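These are my notebook entries on one chain. I looked up its fold, its helix contacts and the parts of the model that call for caution.

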Amino acid sequence: MNFIVDGHNLIGSLSHITQISLQDYDDEFKLVMMLRQVATLKKGRQILVVFDRGVYTTQTMNGYGVSCHFATSPQDADGVIIGKLRKLLKPSDWSLVSNDRRIIDVAHQVGVRHTSNQMFIQHMMRKSNTKAEFHDEKPRSEEHTSELQ
């Protein structure tokens, strides 16, 4: 399973159990380091994390199965994520990590699974995902639109 992560949304859920806070200068970097651990647990896993803005560049953050995207004005992270969800060639290979209902609804519309922040955090804390299912919900509709380019 590959993941599209709503970066700052996930950081907001992490702040009560880790040393990561949205107020941190390097909150994006800290999250990416955690996501790299998840990505390397399974060969070929891809994690795309999208942030509204940050102090880093995409080139300094990409690697080890994690790709970063920083939204630029006038677009925000939600808009970028929605655009990426709609363009996935194999939506059933992906899961959205977010608690934002608007983008969760779009994910379901295009056939992308949803993993809540809490479930994803539990997985990150376990640091293994042998045979456990890694999603909360199946898409509402199994009807997938044709592959988008």
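**Contacts and overall fold**

I began with the contacts in the chain that have a separation of 6 or more, and found that 55% of them join residues 24 or more positions apart. I note that the model is predicted. Its average pLDDT is 83, and 81% of the residues score at least 70. The chain has 149 residues, and buried residues make up 46% of them.

I then listed the elements. The chain holds six helices and five strands. Read from the N terminus, their order is β-α-α-β-α-β-α-β-α-β-α.

**The sheet**

I asked in which order the strands form the sheet. The five strands make an open sheet, ordered E3-E2-E1-E4-E5, and the pairing is parallel. E3 and E5 are the edge strands, each pairing on one side only. From one strand to the next, the twist averages 25 degrees.

I looked at strand E4, residues 94-97, in detail. On one side, E4 is joined to strand E1 (residues 2-6) by four bridges, and the two run parallel. Asn2 has Trp94 of E4 as its bridge partner. E4 is also joined to strand E5 (residues 113-115), here by three bridges, and this pair runs parallel as well. Ser95 has its bridge partner in E5, namely Arg113, and Leu96 stands opposite His114 of E5.

Next I checked where the side chains of E4 point. In general, side chains in a regular strand alternate between the two faces of the sheet. In E4, Trp94 and Leu96 point one way, whereas Ser95 and Val97 point the other way. All four of these residues are buried.

**Helix H2 and its two partners**

I recorded two values for each helix pair, because packed helices are described by the angle between their axes and the distance between the axes.

The first pair I examined was helix H1 (residues 7-14) with H2, which pack at about 85 degrees with their axes 10 Å apart. An angle from 65 to 115 degrees counts as roughly perpendicular, and H1 and H2 are therefore roughly perpendicular to each other. H1 contributes Gly7, His8, Leu10, Ile11 and Leu14 to the contact, and H2 contributes Asp27, Glu28, Leu31 and Met34. By class, I noted five nonpolar, two polar and two charged residues in the contact of H1 with H2.

The second pair was H2 (residues 27-39) with helix H6 (residues 117-126), at an angle of about 75 degrees and with axes 10 Å apart. H2 and H6 are therefore also roughly perpendicular to each other. From H2, the residues Met34, Leu35 and Val38 meet Phe120, His123, Met124 and Met125 of H6. The contact of H2 with H6 has six nonpolar residues, one polar residue and no charged residues. Met34 of H2 takes part in the contact with H1 and in the contact with H6.

**A residue with positive phi**

I looked up the backbone at Tyr64. Most residues other than glycine have a negative phi. Tyr64 is not a glycine, yet its phi is positive, at about 55 degrees. Tyr64 lies in the loop between helix H3 (58-61) and strand E3 (66-70). Is Tyr64 buried or exposed? Its relative accessible area is 62%, so I entered Tyr64 as exposed.

**A stretch to read with caution**

Lastly, I asked where pLDDT stays under 50. This holds over residues 128-149, for which the model has 49 contacts beyond four places in sequence. Where pLDDT is low, the predicted coordinates should not be read in detail.

Terms used: Residues numbered from 1 in each chain as written. Predicted model: local features only at pLDDT ≥ 70, side-chain atom pairs only at ≥ 80, totals over all residues. Heavy atoms only, no water. pLDDT = per-residue confidence, 0-100. Contact = heavy atoms within 4.5 Å. Axes fitted to C-alpha atoms, helices over the stretch in contact; angles between N-to-C directions. Parallel < 35°, antiparallel > 145°, perpendicular 65-115°, else oblique. Nonpolar A, V, L, I, M, F, W, Y, C, P; charged D, E, K, R; others polar. Buried < 20%, exposed > 50% of the residue type's maximum accessible area, 1.4 Å probe, protein only. Pairing = 2+ DSSP bridges.
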